Amino acid sequence: TRRQPSSSTRTDSGFALALRRMGMVLGWNASTTGAYQPREEYYRRAIVLNRGLSLKDSLLLAADSLWIARDAAASVRDRVSLTYQAIAVIEDAVRRYPGDPEVWYELGEAYNHEPAPIRAAPDAQLAMFQRSIALDPGFGPAYEHLPMLAMQVGRPELARRYAAEHVRLDPTSPHAETSSLYASMLDTSAS
């Protein structure tokens, strides 16, 4: 059976952020993902409970609502329009909160997971995630794409460093195995 959140998370707006985080975690494809409701359900419930939250959190939830609408859109034109709208909301959050690692992470994620021509160049994505970890070096999720991006811009030593740091910070991450492989392959001290 799929686990259901407690009744308190259904009605308390204070749980909107917890529900959003649950959707985010399930998007990382952890081994337990199948035991829970689809991640979109957690995002939807968080969006409905978006009352009294900070502007930053409300902006991120607004972007989440646009991603959900985008994924349900029937036409390519609507999908593209909603994608650009979601990214614009996240860019607005970055402009308003340039010192917040989460908004930089969300911007990097948005540009990393979209196809060309929306996808940002590897050096631009790298800068977004680097900004996130410069603001909070312990923010594990921001390390996920860094090894690959560093390799794409021709910086293998940086890729090795980010991969090792990701594994150190978050060894249980579903992506730690990939980072560990990067770190091992790029470890010049072993040769």
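This section describes the nonpolar cores, two helix pairs, two buried residues and one cis peptide bond of a predicted model.

The largest nonpolar core of the predicted structure comprises 21 residues, and within it Trp67 and Leu107 touch the most other members. Two or more residues are supplied to this core by each of α4 (55-72), α5 (76-96) and α6 (101-112). Of these elements, α5 makes the greatest contribution, with seven residues. Apart from this core lies another, which consists of 18 residues and includes Tyr43, Ala142, Tyr162 and Leu186. The surroundings of Leu107 were examined with its neighbours within four places in sequence left aside; on that basis, Leu107 is in contact with Ile90, Glu91, Val94 and Met128.

Tyr162, one of the members of the core of 18 residues, is located in helix α9, which spans residues 156-169. The relative accessibility of Tyr162 is 8%, and this residue therefore counts as buried, the cut-off being under 20%. When neighbours within four places in sequence are left aside, Tyr162 is found in contact with Leu126, Gln130, Ile133, Tyr143, Leu146 and Pro147. As regards Leu146, its C-alpha atom and that of Tyr162 are separated by 6.2 Å, although the two residues stand 16 residues apart along the chain.

A second buried position is provided by Ser179 in helix α10, which runs over residues 176-186. Ser179 counts as buried because its relative accessibility is 2%. With residues up to four places away in sequence not counted, Ser179 touches Pro147, Ala163, His166 and Val167. Pro147 also appears among the contacts of Tyr162.

The arrangement of the helices was considered next. Two packed helices are described by the angle between their axes and the distance between the axes. For helix α2 (residues 16-27) and helix α3 (residues 39-48), the axes come within 8 Å and cross at roughly 160°. Since angles over 145 degrees count as roughly antiparallel, α2 is roughly antiparallel to α3. The crossing of this pair is left-handed. On the side of α2, the contact is made by Ala16, Leu19, Arg20, Met22, Gly23, Met24, Leu26 and Gly27, while α3 contributes Arg39, Tyr42, Tyr43, Arg45 and Ala46. By residue class, the contact of α2 with α3 divides into eight nonpolar, two polar and three charged residues. Tyr43 of α3, which takes part in this contact, is also listed among the members of the core of 18 residues.

Helix α2 also meets α6. The axes of α2 and α6 come within 15 Å, with a crossing angle of roughly 40°. The two helices are therefore oblique to each other, and their crossing is left-handed. The contact brings together Arg20, Arg21 and Met24 in α2 with Glu102, Tyr105 and Glu106 in α6. The residues involved in the contact of α2 with α6 comprise two nonpolar, no polar and four charged. Arg20 and Met24 of α2 take part here and are also listed in the contact with α3.

The backbone was also examined for cis peptide bonds. Most residues other than glycine have a negative phi, and most peptide bonds are trans. The peptide bond from Ala116 to Pro117, by contrast, is cis, with omega near 5°. Pro117 is placed in the loop between α6 and α7 (122-135).

Technical notes: Residues are numbered from 1 along each chain as its sequence is written. This is a predicted model: local features need pLDDT of at least 70, side-chain atom pairs count only at pLDDT 80 or more; totals for chains, interfaces and linings use all residues. Side-chain values use heavy atoms; hydrogens and water are left out. A nonpolar core is a set of buried Ala, Val, Leu, Ile, Met, Phe, Trp, Tyr and Cys residues joined through side-chain atoms within 4.5 Å. Buried means under 20% relative accessible area, exposed over 50%, partly exposed in between (1.4 Å probe, protein chains only). Helices (H or I, at least four residues) and strands (E, at least two) are DSSP runs, numbered from the N terminus. Contact means heavy atoms within 4.5 Å. Axes are lines fitted to C-alpha atoms, for helices over the stretch in contact, and angles run from 0 to 180 degrees between N-to-C directions. Angles under 35 degrees count as roughly parallel, over 145 as roughly antiparallel, 65 to 115 as roughly perpendicular and the rest as oblique. A crossing is left-handed if the near helix is turned anticlockwise from the far one by less than a right angle, and right-handed if clockwise. Ala, Val, Leu, Ile, Met, Phe, Trp, Tyr, Cys and Pro count as nonpolar, Asp, Glu, Lys and Arg as charged, and the others, Gly among them, as polar.
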